[in-house]
Amino acid sequence: MFYVSMFFQYMGQYMKTRLQYRADLVVEILSDLLNQAVNLVFILVVFGHTQLLAGWSKDEIIFIYGFFLVPYAIFSSFFNIWDFNDRYIVKGEMDRILTRPIHSLFQIILERIELESLFGAVTGLIVIFYAGSSIGLEIAWYDPILFIVFAIGGALAYGAIFIAIASIGFWSDAKNSIMPMMYNIGNYGRYPVDIYNKVIRFVLTWILPFAFVGVYPAAYFLGKKEWYAFSFATPIIGLIFFMIAVVIWNQGVKRYRGAGN
Amino acid sequence: MSNAIEVKQLRKEFKVFSSRSGLKGAFRDLLTRKYKVVPAVNDINFTVKQGEMVAYIGENGAGKSTTIKMLTGILTPTSGSVRVNGMDPHREREKFARTIGVVFGQRSQLWWDIAVQESFRLLKKVYKVPDEQYNEHMAHIIETLDIGPLLDKPVRKLSLGQRMRCELAAALIHNPPLLFLDEPTIGLDVLVKVKIRQFLKDINQKYNTTILLTTHDLADIEAVCDRVVMLDEGKIIYDGGLQSLKNNWAEEKEIHFQFLEEVRLSQLESLPLLFETSWDYDEKNQTFIAYIKEESDNISQLISAVVSHFKIKDVNILETSIEEIVRNIYEQGISTAVRGV
């Protein structure tokens, strides 16, 4: 309960910060919208040239891509920890975090909220509806609920990977280039996994579960029965990986060395 | 609860990577790394009673910050035990954090872009402070620190002194029984320093708040603290009252002279004086420095002797700084220092 109220308190603080710079806010919203529009055109143009990929039709691939954008938008709004090492460990901001009575990871997530990334979800939804209607998918009454559950599960899985990688900063103070690499690998989840070879598929499912952000949950809405088991595993995988990530984080905090003054 | 802080055999080691020299060494470093284990805090023991005001001093790198970070639950000790407010800081961190206030001179607790009062409001929620307590308690703090007019300004527009006073207020929102201050007066002008010292004494009297502060300013300690704990290379080398520390170790005064005419060191050394004086020449500032024992009227005797022989441009009498006291103790050996306890 305390954490829920803290979430809204920090959200309020974030809004206030944003409203301090009015011009900035307007420009940012405009550029975000423009960015998403460009993204949308890009997706339609690129996939316009694809026909069939390992048994997936063009529209199905577009649908998966669209679905991916939704958990990805949730992830980018709430798990903004790609610069954790620089911002919190090297600069010693972690000291301040650790003297406050809220779980350290939760505080960092709250401090780094970036709600404008949620615009990406709008693009995702447009893509989904566009692709869904050309395939002729029907929406059952429970589909929106499953959609939300799967999207959150995917976002948790995505977040878990990045939390685990951010935790490396507790063990080594050297800058590492794993973060940007991970963003690239994350993109593999946007395409059907059966176009990759077995090893990559295994990795994307069980080690870096990016496939649970895009293709697996999307397969359910596309009525691909052979993938249903994976689809419904999405929220579970998301939770399990997230819990593992939090354990790694907690271990890391014990190793925190602090920055010199 | 009588003891706010209990520290037993507390130790923190850091692994430091020591690189070999040369290109060949760099290649060898790639394969096998050599680590040195350095104890930043070396088996220290001390207790602080509720309501005490303690200065924690030492040279840079002596282990002050490391100790404070272990006491506040930021760092996990390598070995030994820490009990603060009856809790283990790093194990029960979130519960523990509610019972302490922390001010790190170089780090801000406040939100940079928004008004000070908005930061206060959020911290009030974070620490679950009830409205009544907040209104009554904070009204007093805001008035004593004189920050009322600053509350609606964004933190980024405040001066260092203004910000520091706001930081102090922010650390006290939940009225903690224990307050840690790491260099609270660094870089501040004298008026602000005086105000902060007075404020610390006030809250200590009013709420019996325990205060542990690190500082390089002897005046801070004189004004605020009744006890001094001094660290050197991770070990406590002095723990006791400020007065006995000064009596034993700060007996020397420095007197700086600048002359209008050319004067040689040997001329000064041959001045007829009844007590021992050692002279030094600081070439950079063209200043002659006399070191004398602070007894009876030594200072006036020295100055009158110098003035009667040479034309002086400037005289400066300096209080011994903490660094010098530490250096004195360090040079004369730890064993004699501990006897002063």
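The following dialogue examines selected features of a predicted model with chains A and B.

Student: Which domains does the domain assignment give for chain B?

Tutor: The assignment gives domain 1, covering 3-247, and domain 2, covering 251-318. Taken over C-alpha atoms, the centres of domain 1 of chain B and domain 2 of chain B are separated by 40 Å.

Student: What are the extents of the C-alpha trace of chain B along its principal axes, and how many helices and strands does chain B have?

Tutor: The trace spans about 70 × 60 × 45 Å. Chain B has 13 helices and 13 strands. Of its 341 residues, 35% count as buried.

Student: How should the contacts in chain B be read by sequence separation: what share join residues at least 24 apart?

Tutor: One takes the contacts between residues at least 6 apart in sequence; in chain B, 74% of these join residues at least 24 apart.

Student: How many residues does each chain bring to the contact?

Tutor: Chain A contributes 20 residues and chain B contributes 26 residues. On the side of chain A that touches chain B, the elements giving two or more residues are helix H1 (2-20) and helix H5 (93-98) of chain A. H1(A) supplies the largest share of that side, six residues. By class, the side of chain A that touches chain B has five nonpolar, nine polar and six charged residues.

Student: Which residues have the most contacts inside the largest nonpolar core?

Tutor: That core has 138 residues, and those with the most contacts inside it are A:Ile64, A:Ala157, A:Ala160, A:Ile163, B:Ala169 and B:Val228. Another core, of six residues, lies apart from it; B:Phe288, B:Ala290, B:Leu302 and B:Val306 are among its members.

Student: With which residues is A:Ala160 in contact, leaving aside its neighbours within four places in sequence?

Tutor: A:Ala160 is in contact with A:Phe241, A:Phe242, A:Ile244 and A:Ala245.

Student: Where is B:Asn208 found, and is B:Asn208 buried or exposed?

Tutor: B:Asn208 is found in the loop between helix H7 (190-207) and strand S7 (210-214) of chain B. Although not a glycine, B:Asn208 has a positive phi of about 55°. Exposure is read from the count of C-beta neighbours: a residue with 12 or fewer within 10 Å is exposed. B:Asn208 counts as exposed because it has 12 C-beta neighbours inside 10 Å.

Student: What is the place of B:Glu233, and how does B:Glu233 count in terms of exposure?

Tutor: B:Glu233 is in the loop between strand S8 (227-232) and strand S9 (235-240) of chain B. B:Glu233 is not a glycine, yet has a positive phi of about 45°. Because it has 17 C-beta neighbours inside 10 Å, B:Glu233 counts as partly exposed.

Methods. Residues numbered from 1 in each chain as written. Chains lettered and ligands numbered in written order. Predicted model: local features only at pLDDT ≥ 70, side-chain atom pairs only at ≥ 80, totals over all residues. Domains from an automatic or database assignment. Contact = placed C-beta atoms within 7 Å. Helix = DSSP H or I, 4+ residues; strand = E, 2+ residues; numbered from the N terminus. Nonpolar A, V, L, I, M, F, W, Y, C, P; charged D, E, K, R; others polar. Buried ≥ 20, exposed ≤ 12 C-beta atoms within 10 Å, placed from the backbone. Core = buried A, V, L, I, M, F, W, Y, C linked by C-beta atoms within 7 Å.
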